[in-house]
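Colleague: I am new to this structure, and I would be glad if you could take me through part of it slowly.

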Amino acid sequence: MVDEGEDLLDAARREFREETGVTAEPPFLSLGSIRQKAGKTVHAWAWEGDADAGAVTSNTTRAEWPRGSGNWLEFPEVDRCAWFDIEMARFKINPAQSELLERLEAVLADQRR
């Protein structure tokens with residue numbers, strides 16, 4: 001979610017910190033934006049850093065379940081974290097977001113040349 005007047009990269013860094021407890025530090029590689037099947041637009045950047053997947057902490061969110069019941073549940077936005085090679089990431093990621101992995105591969109290939 002981008003707050004009104006908030007820079008997209010600043011919003012991405014804030015969301016990442018809220019959902020993982022990890023502070024993303026520059027430099028960042030812009031991967032552009034994609035639109036998911038349900039209509040949500042995702043703006044993405046890549047960065048390199050060290051983060052212990054087992055130490056990730058997440059904020060919580062609320063959802064009414066069943067819908068219309070008045071029964072609200074609270075749960076972490078991220079239930080677990082793991083790091084994957086590119087092929088496994090493609091298998092696990094939201095299908096629309098696989099384009100971001102392809103863009104990252106292209107940027108990294110260009111940097112190696």
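The exchange below deals with a helix, the residues around it and some salt bridges.

Modeller: Please keep in mind that this is a predicted model, in which local features need pLDDT of at least 70 and side-chain atom pairs count only at pLDDT 80 or more, while totals for chains, interfaces and linings use all residues. Residues are numbered from 1 along each chain as its sequence is written, and side-chain values use heavy atoms, with hydrogens and water left out.

Colleague: In which helix is the place of Thr-20?

Modeller: Helices are DSSP runs of H or I with at least four residues, numbered from the N terminus. The run that covers residues 8-20 includes Thr-20, and this run is helix α1.

Colleague: Is Thr-20 buried or exposed?

Modeller: Buried means under 20% relative accessible area and exposed means over 50%, with partly exposed in between, for a 1.4 Å probe and protein chains only. Because the relative accessible area of Thr-20 is 11%, this residue counts as buried.

Colleague: Which residues does Thr-20 touch, not counting residues up to four places away in sequence?

Modeller: Contact here means heavy atoms within 4.5 Å. With residues up to four places away in sequence left aside, the ones that Thr-20 touches are Val-56 and Thr-57.

Colleague: Which residue's side chain meets that of Glu-6 in a salt bridge?

Modeller: A salt bridge is a side-chain nitrogen of Lys or Arg within 4 Å of a carboxyl oxygen of Asp or Glu. Glu-6 is partly exposed, because its relative accessible area is 21%, and its partner is buried, with a relative accessible area of 14%. The two side chains meet at 2.9 Å, N to O, and the partner of Glu-6 is Arg-14.

Colleague: How many residues apart are Glu-18 and Arg-14 in helix α1?

Modeller: The side chains of Glu-18 and Arg-14 meet in a salt bridge at 3.3 Å, N to O. An α-helix has 3.6 residues a turn, so residues three or four places apart point the same way. Both residues lie in α1, with a separation of about one turn of the helix, and the number of residues apart is four.

Colleague: Which residues are linked with Arg-14 in a network of salt bridges?

Modeller: The structure holds ten salt bridges, among them the one between the side chains of Asp-79 and Arg-80 at 3.6 Å, N to O. In the network that contains Arg-14, the other linked residues are Asp-3, Glu-6, Glu-15 and Glu-18.

How values were computed:
Helix = DSSP H or I, 4+ residues; strand = E, 2+ residues; numbered from the N terminus.
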